[in-house]
Structure formats: C-alpha cells, structure tokens
Amino acid sequence: MLQLDYCCSPRSLEGIENRTNYTFIQGDVCNPHLVNHIFMTENIDVIFHLAAKTHVESSFECPSIFQRVNVDGTRVLLDAAHRARHQPLRFIYVSTDEVYGTSLDEAFDESSPLRPTNPYAATKATAEYLVRSYWDKYKFPIIITRSNNIYGPRQFTEKVIPRFLTLLQNDKKCTIQGTLPISRHFLFVSDAIQAFLLVLEKGTVGDVYNVGTSFEIPIIQLARELVRMVKNETESEVNEWTEFVASRPQVDLRYPIRSDKLQQLGWKAEVSWAEGIRQTGSIIHKRCIITWHRWWVPTVSMTKDNSFRIGGTCRWKRDGCPDCRNTDI
C-alpha cells in the first residue's frame with residue numbers, strides 16, 4: 001500500500017507491475033477503514049512497514065504531520081495486523097539510526113538509549129515503542145531495524161545525494177547547511193534490501209537490528225566528489241561549485257552504529273561507495289539523471305516449519321540484463 005506522496009512516483013513500480021504476485025493499493029496508512037479492510041480480505045503473511053515522513057527540516061516546520069503519519073499510521077497498521085483474520089507471521093518495522101541521537105566517538109548498538117534530537121526522529125522512536133508494546137503485550141511477531149542513510153537510483157531530490165546531483169545538473173552550486181563538520185554513513189539500497197530480507201528469514205522476533213555501514217563521508221567531501229563526477233572540474237575549481245548556507249534548527253554531526261548482530265546472521269554491505277555512487281548518477285542527459293540499474297526482485301516463500309526462504313529474479317530496467325539477458329519485465 002502506498003499513498004503516492006510528493007516524493008513518490010508510480011514509475012518506480014513499472015518493473016514489477018505485471019507480476020502475478022503483485023498488487024498495488026493506493027491509500028493512506030492512517031485510514032483505519034482501508035487498512036482494516038485490506039487485512040480482513042487478504043491473507044498477509046509479512047508486513048514491511050516503511051511508510052513515513054522522513055525529511056528532518058520539514059519535521060521542524062510541521063511536526064504534527066510527522067506525528068500523524070509516523071506514529072498514528074503505525075498504530076493503525078499494528079492494530080489492523082494484530083486483529084487480522086489471517087495472522088501475519090512477521091511485522092518488520094523499518095526505523096532509523098537517528099533515534100539514537102548524535103555521537104562524536106561512541107558507536108551505538110541495539111541496546112543504546114534512544115535520544116532523538118528532532119521531531120522526525122522523535123516520531124520514529126515513539127513508533128518503535130508502539131511496535132514493541134505489541135510484542136510485550138500480545139507476542140505479536142515484530143522485528144525492528146535501524147539503518148544508516150540509504151541512497152540509490154530514483155531517490156527523491158530532498159535527500160542530500162540526489163539534491164547535490166540535481167543542483168549540479170542545473171549548473172548550480174551544492175548548498176551545504178552550516179559550517180559544522182557534519183558527516184553521514186551511506187548504505188546502498190540493494191544492501192539495505194538484502195538486510196531486510198535476511199532479518200525476515202533469520203531474525204529473532206521481538207528483536208532489534210542495526211543496519212549500518214563503515215563508510216562515512218563528510219558532507220563537504222561528498223559535495224566535492226559529486227562535483228568531480230558531474231562537472232569533471234580540476235581540483236582548483238571544485239570549491240567554486242560549493243556554497244555554505246544557513247544551518248537548519250538542529251543538526252546532528254554523525255550517527256555511528258554497530259551492526260554486529262546483523263553480521264552474525266551473515267549480512268555485510270557488498271556495494272562499495274564507488275560502485276554505488278556510479279550506479280546512482282551514472283548517466284546524465286538533458287539535465288536529468290538516467291540510471292541503468294540491475295534490479296533484484298525478491299521472492300519470499302514460506303516453508304512447512306513457518307520459516308522463510310528468500311529467492312529472486314534478475315530484472316533489467318530496459319533492453320535486458322547484460323549478465324543473464326533476461327528481457328522479461
């Protein structure tokens with residue numbers, strides 16, 4: 001189910017829209033009548049709850065909207081799933097590393113206290129407590145993930161990497177908020193997906209898993225790397241494409257997390273920063289990023305002992321996959 005908010009596009013679903021095991025329902029996660037109807041009429045085994053308002057700066061401007069979607073929406077979904085005629089086997093809530101707050105040296109693990117510093121992170125932490133309460137009260141089979149910044153093709157331009165790329169495509173400078181030494185950990189989207197599927201397959205119900213990467217980059221260095229990639233400028237000219245602007249109300253310097261628990265299940269980030277950023281902004285044409293991306297479309301099957309087996313098929317967005325020449329999209 002998807003509301004198709006300002007940051008969404010149905011074009012992102014074109015590669016799977018003809019699959020027999022796929023149904024798209026446009027609707028609001030905060031609408032209990034719709035959500036209850038879905039759970040009463042469909043046999044849903046697994047829920048991945050990713051619906052959220054996520055833009056930190058906007059959360060300061062209108063926190064009530066973030067409260068409605070991130071907290072009330074989670075409550076509606078939890079209640080409907082718990083009351084469903086066909087009881088789900090997993091409810092996976094996708095949270096964020098921002099619930100921990102900032103840290104200059106300590107890397108957070110799953111037992112670290114939650115100290116959110118902005119309305120977005122506060123609503124995600126609140127939703128986590130809601131999700132966990134259904135495990136504590138009903139033993140409803142929830143799992144929570146907390147991930148670093150996820151990036152990749154087709155990401156909306158309010159996020160820093162597509163924002164910088166879009167500015168540079170339009171011959172504008174990368175605008176950097178404030179002069180503090182802000183850095184972020186970036187995880188490529190396919191690595192995040194593999195983590196979610198592994199948690200579904202092998203994760204312990206009632207538990208929390210950090211999904212993190214060791215790759216960390218200062219935002220000013222990120223801007224300079226993208227300038228070199230897009231504009232092919234010399235070192236002496238790179239700084240001419242960056243500009244410092246007023247900082248937002250609250251800026252956390254960094255969000256370091258440890259992912260030992262997830263790695264013990266067999267996960268590790270596979271896509272290097274160089275490869276991930278190449279895929280994200282590989283072809284620039286007529287001031288637009290055109291990304292040729294190898295889709296891994298997962299399939300989930302349930303075994304007789306109620307565990308999950310993950311498979312998948314390769315999909316190439318256009319003209320067939322160069323690896324397997326599969327043109328069936």
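Helix 6 (residues 189-202) lies across strand 1, strand 2, strand 3 and strand 7, and runs at about 145° to strand 2. This is a predicted model, where local features need pLDDT of at least 70, side-chain atom pairs count only at pLDDT 80 or more, and totals for chains, interfaces and linings use all residues. Residues are numbered from 1 along each chain as its sequence is written, and side-chain values use heavy atoms, leaving out hydrogens and water.

**Terms to keep handy**
- Helices (H or I, at least four residues) and strands (E, at least two) are DSSP runs numbered from the N terminus.
- Contact means heavy atoms within 4.5 Å, and angles run from 0 to 180 degrees between N-to-C directions of axes fitted to C-alpha atoms, for helices over the stretch in contact.

**The sheet**
- Here you have an open sheet of 4 strands in the order 1-2-3-7, with parallel pairing (at least two DSSP bridges between two strands).
- Strand 1 (46-49) and strand 7 (208-211) are the edges, each with a single partner strand, so one side of each has no neighbour in the sheet.
- Strand 3 (residues 142-147) pairs with strand 7 over 4 bridges, and I144 has V208 as its bridge partner in strand 7.
- Helix 4 (residues 119-138) lies across strand 2 (90-96), strand 3 and strand 7, at about 155° to strand 2.

**The largest nonpolar core**
- A nonpolar core joins buried (under 20% relative accessible area, 1.4 Å probe, protein chains only) Ala, Val, Leu, Ile, Met, Phe, Trp, Tyr and Cys residues through side-chain atoms within 4.5 Å.
- The largest one has 24 residues, and those with the most contacts inside it are I161, F164, F186, L222, L226 and W273.
- Helix 7 gives this core its largest share, 6 residues.

Note on methods. Buried means under 20% relative accessible area, exposed over 50%, partly exposed in between (1.4 Å probe, protein chains only).
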